[in-house]
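Reader: I should be grateful for a close examination of a single helix in this predicted model. Which of its residues are buried, which are exposed, and what lies around them?

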Amino acid sequence: MAKYMILIYGDAEQWAAMTEEQWQAHHAGYGAFMAKAGARLLDGQQLEPTTTSLRADAGGQVHTTDDPFLEAKEGLGGYFLVEAADLDEALEMARLLPELNYTHSGLEVRPLVERG
């Protein structure tokens, strides 16, 4: 089994504007995902919307900012770490996540590098 990180991106302002009814439907979608993943769901967390970024300049000096690393409307809002037989199975699980019901959010599925 390989490990895959499912990264959840979205517009924080639009998430904050969701109604209680929308949140209930959203959480029901997570229930379907978790039921499908079962014990293969290794971890998952929602991230705070605040961001602190570190970047080194050409001289090697590290700078800290309270902004995202890249300028984008969609920020990283959370993740799931799953085990799957292959990318197709990881994508099948990811398709159950409710973020795909909104045009302001999306998912990125990436395999982890296995160190031997």
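Author: On the face of α2 directed away from its buried side lie the exposed residues E20, E21, Q24, A25, A28 and A35. The helix itself, in this predicted model, comprises residues 20-37, 18 residues in total, and spans 26 Å from its first C-alpha to its last, close to the 26 Å expected at 1.5 Å a residue.

The buried residues of α2 are H26, G29, Y30, F33 and A37. Because they cover an arc of only 100 degrees around the axis, they fall on the same side of α2. The general geometry is relevant here: an α-helix has 3.6 residues a turn, so residues three or four places apart point the same way. The cover over the buried residues of α2 includes the strands β1 (2-10), β2 (41-46) and β5 (75-84), together with the helices α1 (12-16) and α3 (87-94).

One of these buried residues, F33, also takes part in an aromatic pair. The model has four aromatic pairs. In the pair formed by F33 and F80, the ring centres are 4.7 Å apart and the planes stand at 50 degrees, so the pair is classed as tilted. This pair connects distant parts of the chain, since F33 belongs to helix α2 and F80 to strand β5, 47 residues apart. F33 and F80 are both buried. Elsewhere among the aromatic residues, ring pairs join W15, W23 and Y102 into a cluster.

After the helix comes G38, which has a positive phi, near 55 degrees.

How values were computed:
Residues are numbered from 1 along each chain as its sequence is written. This is a predicted model: local features need pLDDT of at least 70, side-chain atom pairs count only at pLDDT 80 or more; totals for chains, interfaces and linings use all residues. Side-chain values use heavy atoms; hydrogens and water are left out. Helices (H or I, at least four residues) and strands (E, at least two) are DSSP runs, numbered from the N terminus. The expected span of a helix is 1.5 Å times one less than its number of residues. Buried means under 20% relative accessible area, exposed over 50%, partly exposed in between (1.4 Å probe, protein chains only). The arc is that of the directions from the helix axis to the C-beta atoms. Contact means heavy atoms within 4.5 Å. Rings of Phe, Tyr and Trp (its six-membered ring) pair if their centres lie within 6.5 Å; planes under 30 degrees apart count as stacked, over 60 as edge-to-face and the rest as tilted.
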